[in-house]
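This briefing goes through one structure for a reader who has not seen it before. Please look at the sequence and the model first, then read the points by topic.

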Amino acid sequence: MTVAEQSITEKRYLRTGTPVWAAYRQHPIATQALLAPLKTDLLIVGAGITGALLAEAASAKGLSTILIDRRPPGHGSTAASTALLQFEIDTPLIRLAADIGLETASRIWRRSFRAVRDLVHLARRLQILCDFAERRALYLVGNSLSAVEMEEEGRRRRGAGLPSTFLTHTDLVGLTGIDREAALLSQGSAEVNPVQLTAGLLSRALSRGCRVFAPAELAEVVASSSKVAMVTTEGVEMEAKALVFATGYELADGVPAAGHRRTSTWAFATPPQPRAVRGSAELIWEASDPYLYIRSTSDGRVVVGGEDEDVPDEATRDALLPSKVATLQKKTKALLPWLDATADFSWAGTFGESQNGLPSIGALPDMPNCYAVLGYGGNGITFGVIAAQIIASRICGRPDPDEQLFAFGR
Ligand SMILES: Cc1cc2nc3c(=O)[nH]c(=O)nc-3n(C[C@H](O)[C@H](O)[C@H](O)COP(=O)(O)OP(=O)(O)OC[C@H]3O[C@@H](n4cnc5c(N)ncnc54)[C@H](O)[C@@H]3O)c2cc1C
């Protein structure tokens with residue numbers, strides 16, 4: 001291969017400010033310098049949460065696995081994630097069903113539910129210290145879903161076997177103190193420290209022989225039916241039986257991105273406070289555009305995010321941080337007046353959305369033995385779990401029955 005100095009992916013300033021995870025212990029990840037050519041079964045580009053989930057799944061199946069990243073592991077979008085692990089997809093089931101049919105939409109929602117359950121079991125089985133906690137989620141009526149639609153959404157979800165209960169205004173106020181017209185309360189979600197989860201998954205993969213090279217940046221790929229040949233920006237050659245682009249919101253050449261777009265998002269975290277989010281709903285989000293979502297940390301900080309907006313560049317996104325946080329604080333106080341909404345931490349990040357809230361996962365149409373994950377939407381981590389399951393199974397020759405639901409060009 002020729003030496004290519006240009007990266008195969010675009011370069012973005014993925015985040016700014018200080019995410020709340022800076023307040024907690026960081027677990028070190030052993031990386032190596034990439035100095036000599038190498039060969040492997042699977043090469044994963046990107047050592048964020050998606051790459052870590054893939055590395056864990058592939059190494060558990062006995063594949064020799066290598067990750068490369070141009071940043072330190074977990075320092076991309078993963079470090080900015082608020083890490084609500086929700087099975088509830090951004091597009092309500094009633095809307096997704098109208099778009100692609102009830103049966104397919106229900107299967108996708110059920111798979112998302114299973115992904116959160118699988119991650120709960122995985123984190124528990126691997127004993128990863130990452131403040132993982134199972135949570136109930138409250139989905140509030142807002143400007144994009146009325147109370148009548150919310151009730152129908154609940155009926156559809158229960159019809160699909162999903163645990164969502166409709167709450168009237170009286171139920172909601174009695175249970176949570178929140179004054180909204182109605183809501184759905186669902187079991188089956190969770191929350192986590194995403195940086196610690198990424199480190200824990202990588203450390204389990206490393207213990208099975210996986211290696212992480214950083215900083216190392218992929219520049220060029222030549223894919224054939226027998227192998228994938230690659231070269232880094234430093235000119236080091238690599239060869240793999242399969243390649244996965246787990247590059248988050250930095251798109252790689254050759255990955256079809258129609259229907260996906262990048263936007264911006266903002267978040268803040270309060271000081272620790274007791275019983276911050278009251279009642280039996282520990283994650284809160286709303287059916288609004290722009291939306292607000294709320295979780296808490298193991299030591300009682302409240303993490304709030306949302307106000308997503310298209311802005312032309314990262315400098316504008318960053319300049320908006322103070323005013324966006326002020327808006328998030330105001331909305332939080334309106335919803336939960338008893339909270340201290342002081343911003344101890346605040347940050348902004350690039351975010352990705354797809355037209356129907358679904359990810360694209362799987363084989364790339366024009367690059368044999370190459371795969372990609374575009375886990376766009378508010379469920380990026382949940383979609384990362386599904387991606388790891390689908391791609392690891394495919395590479396091992398046992399295709400996942402849900403593969404087509406998320407495939408590129410489906
Ligand atoms: C503020 C915010 C809040 C969010 N909240 C939630 C939430 O509550 N729940 C949820 O599920 N999701 C949430 N998300 C989305 C979720 O965080 C992302 O989907 C997820 O972190 C993406 O992980 P990743 O590993 O795919 O990408 P990243 O963490 O960005 O990792 C990709 C890696 O690829 C590397 N890379 C790129 N190109 C190359 C190259 N050419 N060579 C080598 N390395 C390369 C990058 O350096 C990077 O480290 C949120 C995102 C943001 C920004």
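How far is an oxygen atom of the ligand from an N or O atom in the side chain of Asp 69? The separation is 2.6 Å. The model is a predicted one. The points below begin with the ligand, then take up helix H6 and a number of single residues.

**The ligand and its surroundings**

- Besides the pair with the side chain of Asp 69, an oxygen atom of the ligand lies 3.1 Å from a polar backbone atom of Ile 49.
- A nitrogen atom of the ligand is 3.3 Å from a polar backbone atom of Gly 378.
- The ligand taken alone exposes 1000 Å², and the protein buries 98% of that area.
- The ligand is surrounded by 36 residues, and the closest are Thr 9, Thr 50, Asp 69, Arg 71 and Thr 78.
- By type, the shell around the ligand consists of 14 nonpolar, 17 polar and five charged residues.
- At least two residues of this shell come from each of H1, strand S16 (345-354) and H9.

**Helix H6**

- Helix H6 runs over residues 194-207 and has 14 residues. At 1.5 Å a residue it should span 20 Å, and its end C-alpha atoms are 20 Å apart, so the expected span and the model agree.
- At the start of H6, a side-chain oxygen of Asn 193 comes to within 3.0 Å of the backbone nitrogen of Val 195.
- The helix is mostly covered, with 10 of its 14 residues buried.
- The buried residues of H6 include Pro 194, Val 195, Gln 196 and Leu 197. Leu 201, Leu 202 and Ala 205 are also among them.
- The cover over the buried residues of H6 includes three helices, namely H1 (49-60), H3 (102-125) and H9 (380-395). Strands S3 (65-68) and S8 (211-213) are also included in that cover.
- After H6 comes Gly 209, which has a positive phi near 105°.

**Two polar side chains that are buried**

- Glu 250 is located in the loop between strand S11 (237-245) and strand S12 (260-269).
- Buried means under 20% relative accessible area; Glu 250 has 4%, so it counts as buried.
- The side chain of Glu 250 reaches the backbone nitrogen of Arg 12 at 2.9 Å.
- Leaving aside residues up to four places away in sequence, Glu 250 touches Thr 9, Glu 10, Lys 11, Arg 12, Leu 14, Arg 70 and Arg 71.
- Gln 389 belongs to helix H9, and its relative accessible area of 18% makes it buried.
- The side chains of Gln 389 and Arg 111 are joined by a polar contact of 2.9 Å.
- With residues up to four places away in sequence not counted, Gln 389 touches Arg 111, Arg 114 and Asp 118.

**Cis peptide bonds**

- The peptide bond from Ala 214 to Pro 215 is cis, and its omega is near -5°. Pro 215 sits in the loop between S8 and strand S9 (218-223).
- Asp 289 and Pro 290 are also joined by a cis peptide bond, with omega about 0°. The loop between strand S13 (283-286) and strand S14 (292-296) holds Pro 290.

**Positive phi outside glycine**

- Ala 83 is not a glycine, yet its phi is positive, about 60°. This residue is in the loop between S3 and strand S4 (84-85).
- Is Ala 83 buried or exposed? Its relative accessibility is 2%, so Ala 83 counts as buried.
- Glu 307, also not a glycine, has a positive phi of about 60°. Glu 307 is part of strand S15, which covers residues 302-309.
- The relative accessible area of Glu 307 is 8%, and the residue is therefore buried.

**An exposed glycine**

- Gly 409 is in the segment after helix H10 (403-406).
- Gly 409 counts as exposed because its relative accessibility is 83%, and exposed means over 50%.
- How many residues apart along the chain are Gly 409 and Ser 360? They are 49 residues apart, and their C-alpha atoms are separated by 8.4 Å.

Note on methods:
Residues numbered from 1 in each chain as written. Predicted model: local features only at pLDDT ≥ 70, side-chain atom pairs only at ≥ 80, totals over all residues. Heavy atoms only, no water. Helix = DSSP H or I, 4+ residues; strand = E, 2+ residues; numbered from the N terminus. Expected span 1.5 Å × (residues − 1). Buried < 20%, exposed > 50% of the residue type's maximum accessible area, 1.4 Å probe, protein only. Contact = heavy atoms within 4.5 Å. Polar contact = N/O pair within 3.5 Å; in protein donor to acceptor, adjacent residues only side chain to side chain. Near = heavy atom within 4 Å. Areas by Shrake-Rupley, 256 points an atom, 1.4 Å probe, with all protein chains shown as cover. Nonpolar A, V, L, I, M, F, W, Y, C, P; charged D, E, K, R; others polar.
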